[in-house]
Amino acid sequence: MSFDERFDVIVIGAGHAGLAMSRCLTERSIDHVVLERGEVANSWRTERWDSLRLLTPNWQSRLPGFGYEGDDPDGSEDLLWMLDADPLTYRNFAEEYYERSVNLEAVRQIYDHTLLTENLALKLSHELSWDALKKDALEIGYPIL
Ligand SMILES: Cc1cc2nc3c(=O)[nH]c(=O)nc-3n(C[C@H](O)[C@H](O)[C@H](O)COP(=O)(O)OP(=O)(O)OC[C@H]3O[C@@H](n4cnc5c(N)ncnc54)[C@H](O)[C@@H]3O)c2cc1C
């Protein structure tokens, strides 16, 4: 591409929005160029976590020309398997997902519905807002000091 070339449309960024737009423009034979400061899907490759999971049901994972065709359109099994009442299951999941160590004893106390104190909460996360957590705990009826 040279600086004196002309295009009808310039798409900035080759993330999935930019790539989807490019696909739609191509289908309509609209002359365009995609400008990307890094490589294709740059932010997904370099600015996201390895543990990244899609947050939406599989059937919603669509791009122009691509729809989910697997045998698990809901995809909730990915989380429901965790509800086996075993603190170790959650601890192992959380360590992989959040990429840090998680205090098993503190998780066990939560599973036992031990009275929630700021000290117990801090064993699970140093980044929490105690006021916000208290509000959430009251809302779901978790016993709290
Ligand atoms: C930290 C973080 C974690 C996330 N985790 C998840 C998750 O677990 N699951 C999930 O479903 N979603 C997650 N998201 C959301 C998801 O990443 C975005 O919704 C999605 O990437 C948006 O797609 P996009 O194509 O609009 O933008 P992006 O994917 O960000 O693509 C934008 C592209 O444009 C390029 N670009 C930007 N500026 C310029 C420029 N001036 N010139 C040229 N190129 C440029 C960038 O390099 C990039 O390639 C997360 C977002 C963040 C910030």
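Okay, a definition to start: domain bounds here come from an automatic or database domain assignment. For this chain, that assignment gives domain 1 (9-52) and domain 2 (76-140). Their C-alpha centres sit 37 Å apart.

Two housekeeping notes. Residues are numbered from 1 along each chain as its sequence is written. And this is a predicted model, where local features need pLDDT of at least 70, side-chain atom pairs count only at pLDDT 80 or more, and totals for chains, interfaces and linings use all residues.

On to helix H1, residues 16-27; helices are DSSP runs (H or I, at least four residues), strands are E runs of at least two, and both are numbered from the N terminus. The expected span is 1.5 Å times one less than the number of residues. H1 has 12 residues, so it should span 16 Å, and its end C-alpha atoms are indeed 16 Å apart.

Now the loops. Most residues other than glycine have a negative phi. Ser29, in the loop between H1 and strand S2 (32-35), has a positive one, near 55°. Ser29 is exposed, because just 6 other C-beta atoms lie within 10 Å (20 or more means buried, 12 or fewer exposed, in between partly exposed, with C-beta atoms placed from the backbone). Ala41, in the loop between S2 and H2, has a positive phi near 60°. With 15 C-beta neighbours within 10 Å, Ala41 is partly exposed.

Last, the ligand. H1 and helix H2 (42-46) each supply at least two residues of the shell around the ligand.
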